[in-house]
Amino acid sequence: MNQKTVLQKLKSRRGESLAEALIACLLGGMALLILSVMIQTSTKMIADGAKKAGTDYEAINQLEERNTGITTTEGELTVTWSPEGSTGAEATTATTEIPIQLYEEGGMALYDEK
């Protein structure tokens, strides 16, 4: 740019129109609104996650400590497997039944071998 053009631009009285200024303000306002909604939503999600995690940790602790008040059931766990290398129609399977004690609390379960 030469010096004459720069001086002409500095002396110019032309500016942005009212419509351009209003559109710029509208876009800025929308951006701030979106940002505030994002912050509010993420804060709520973090709080809900912490509450859920606390409930889950409490149920896990109750199960691990085998506290009174948790539901217990006796039963058997059946495990079926195919020995390595046996596939297709000639595959053989083996089954084992293991006696267990089942503990349930807060929608979670834990079992021990008896």
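So, read along the sequence, what pattern does the chain follow? The answer is α-α-β-β-β, that is, 2 helices and 3 strands. Helices here are DSSP runs of H or I with at least four residues, strands are runs of E with at least two, and both are numbered from the N terminus.

Before I go on, some ground rules. This is a predicted model, where local features need pLDDT of at least 70, side-chain atom pairs count only at pLDDT 80 or more, and totals for chains, interfaces and linings use all residues. Residues are numbered from 1 along each chain as its sequence is written, and side-chain values use heavy atoms, with hydrogens and water left out.

How does the confidence look? pLDDT is the predictor's confidence in each residue, from 0 to 100. The chain averages 84, and 90% of the residues score at least 70. Among the elements, helix 2 has the highest mean, 92, and helix 1, residues 3-11, has the lowest, 74. Where pLDDT is low, the predicted coordinates should not be read in detail.

Now the overall build. With its 2 helices and 3 strands, the chain has a radius of gyration of 34 Å, well over the 13 Å that the globule rule gives for 114 residues, so it is more spread out than a compact globule. That radius is taken over C-alpha atoms, and the rule is 2.2 Å times the number of residues to the power 0.38. The C-alpha trace spans about 95 × 50 × 25 Å along its principal axes. Just 6% of the 114 residues are buried; buried means under 20% relative accessible area, exposed means over 50%, and partly exposed is in between, using a 1.4 Å probe and protein chains only.

On to helix 2, residues 18-65. This helix has 48 residues and reaches 70 Å from its first C-alpha to its last, close to the 70 Å expected at 1.5 Å a residue. The expected span is 1.5 Å times one less than the number of residues. Just after helix 2, Arg-66 takes a positive phi of about 55°.

Helix 2 also holds Ile-34, which joins Leu-32, Leu-35, Met-38 and Ile-39 in a nonpolar surface patch of about 520 Å². Patch residues have over 30% relative accessible area and no salt bridge; like charges are joined within 9 Å, and nonpolar side chains (Val, Leu, Ile, Met, Phe, Trp, Tyr) within 5 Å. The areas come from the Shrake-Rupley method with a 1.4 Å probe, and for residues only the protein chains shown count as cover.

Then the charges. How many salt bridges are there? The count comes to 3, where a salt bridge is a side-chain nitrogen of Lys or Arg within 4 Å of a carboxyl oxygen of Asp or Glu. One pairs Lys-44 with Asp-48 at 2.9 Å, N to O; both sit in helix 2, 4 residues apart, about one turn. Lys-44 counts as exposed at 52% relative accessibility, while Asp-48, at 41%, counts as partly exposed. Another pairs Lys-52 with Asp-56 at 3.0 Å, and these two are also in helix 2, 4 residues apart.

Then there's Glu-74 with Lys-114, closest N and O atoms 2.8 Å apart. This pair links distant parts of the chain, strand 1 (residues 71-81) and the segment after strand 3 (108-113), 40 residues apart. Glu-74 and Lys-114 are both exposed.

Last stop, the loop between strand 1 and strand 2 (94-105), where Glu-84 sits. Glu-84 is exposed, with a relative accessible area of 86%.
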